[in-house]
Amino acid sequence: MSDISKTLTEWYASNKRDLPWRHTKNAYNIWVSEIILQQTRVNQGVNYYYRFIEKFPDIYSLANSDIDELLKIWQGLGYYSRAVNMHKTAKEIAKNCKGKFPDEYNELIKFKGIGDYTASAIASISFNKKTPVLDGNVFRVIARLFGISDSTQTKTGKKIYLDKTQQLMGNHNPEIFNQAVMEFGALQCVPKIPDCINCILNKVCFAYKNNRVNDLPVKKIKTKQRIRYFNYIYIKHKAYIFIEKRTKNDIWKLLYQIPLIETEKLLSIPELSRNKKWIEITKNTNPEIEENHIDMIHVLSHQIIHTRFYVIKISEINDYITSNYIKIHASGLSEYSMSVLLKKYFNLFNN
Ligand code: SF4
């Protein structure tokens, strides 16, 4: 066991990527990088990390910021609840912990958006606590090295991986060990066709010796993607347009959007004209509907969104529009944080 850990940490010393968060042990920076890297590739995450730290260099700057400023920085990263939770946690740490992250896993995990993985990463990297980090890369390395076929999605399965990783960590420096296993999974023991022939651990690797590399770790059961239909209404009134903030517990919470009518299928103009919300929006406005609509499909990990964009010009603004939407100058649209889907639409078709 200890030989494997030694090999991994030596491999890490000579192969690790030079990433900005590896130049610090500051818990704030480690937290920011770990949250950004959930669901985000490292290459993309690096740019977001730089922009984030430049705008919010410490916990107080983040805690005192407006959520809209944060969402603007986060724009394009997806899973916006991560940013919303970060904002809440920053406020709590600034107010109740004198701006300092606690150094224990059990305390860290109590904060919004800090799960098992992030708490272990902060505790081990910033405070040198012996808390193994279990991310997708680590699960894969451990499953293959030791021939573990248990699912990572069950409590019992997780415990098996945790115990094995803890044993492997032994008395090695937790910060270095955790980063070494994660990096080994990211660069060497990759999901598809790893270069096992040239791997430094092939002599001790269960999966390689037993021809099980492609079977381990056991594949996750794919969750069914929800199909949704969004009819967007881009309302223009002279030099102005109308937007709203998404406030419900749903995708893109707190981001802005143009008026939206969600339906069971995409609507044609005759179908739209019978829709209650459309009737409210267009009542007494002398609407002029542009004949050609734009259709786009937007795929998220758990949802497929079929979208249709209608553009209407109105000469009058009715009470419904005034009470439900925010009137902004069309040239100021880019100041509002929006989903990647809407950004794409405006970049491609708004001229
Ligand atoms: S031999 Fe192959 S499967 Fe085993 S640790 Fe190395 S890269 Fe991963």
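This passage walks through the overall make-up of the protein, then one of its strands and the neighbours of that strand, and finally its cysteines.

The model is a predicted one. Taken as a whole, the protein runs to 351 residues, and 48% of these count as buried. Its C-alpha trace spans about 75 × 50 × 35 Å along the principal axes. As for secondary structure, there are 16 helices and eight strands. Contacts often link distant parts of the sequence: looking just at those between residues at least 6 apart, 67% join residues at least 24 apart.

On the outside, the accessible surface comes to about 18,500 Å², and carbon and sulfur atoms account for 50% of that. Charged side chains are counted as 51 positive and 34 negative. The centres of these two sets lie 3 Å apart.

Strand β7, covering residues 303–313, makes a handy place to start on the details. Most of β7 is covered, with nine of its eleven residues buried. Several other strands pair with it, and they can be taken in turn. Strand β1 (residues 226–237) runs parallel to β7, and eleven bridges join the two. Within this pairing, Y234 has V311 of β7 as its bridge partner.

With strand β6 (residues 294–299), the sense is antiparallel, and six bridges hold the pairing. Here I297 is matched with H306 in β7. The two strands also make up a hairpin, with three residues sitting between β6 and β7. Strand β5 is a short run, residues 288–289, and it too lies antiparallel to β7, joined to it by two bridges. In this case I289 stands opposite I312 of β7.

That leaves the cysteines. A disulfide is a covalent bond between the sulfur atoms of two cysteines. How many disulfides does the count give? The count comes to zero, going by the rule that the two sulfur atoms must lie within 2.5 Å. Two of the cysteines can still be placed by how covered they are. C196 is buried, because its relative accessible area of 16% falls under the 20% cut-off. C97, on the other hand, has a relative accessible area of 25%, so it is classed as partly exposed.

Definitions and conventions:
Residues numbered from 1 in each chain as written. Predicted model: local features only at pLDDT ≥ 70, side-chain atom pairs only at ≥ 80, totals over all residues. Heavy atoms only, no water. Buried < 20%, exposed > 50% of the residue type's maximum accessible area, 1.4 Å probe, protein only. Helix = DSSP H or I, 4+ residues; strand = E, 2+ residues; numbered from the N terminus. Pairing = 2+ DSSP bridges. Contact = heavy atoms within 4.5 Å. Areas by Shrake-Rupley, 256 points an atom, 1.4 Å probe, with all protein chains shown as cover. Lys, Arg positive; Asp, Glu negative; His and termini not counted. Charge placed at Lys NZ, Arg CZ, Asp CG, Glu CD.
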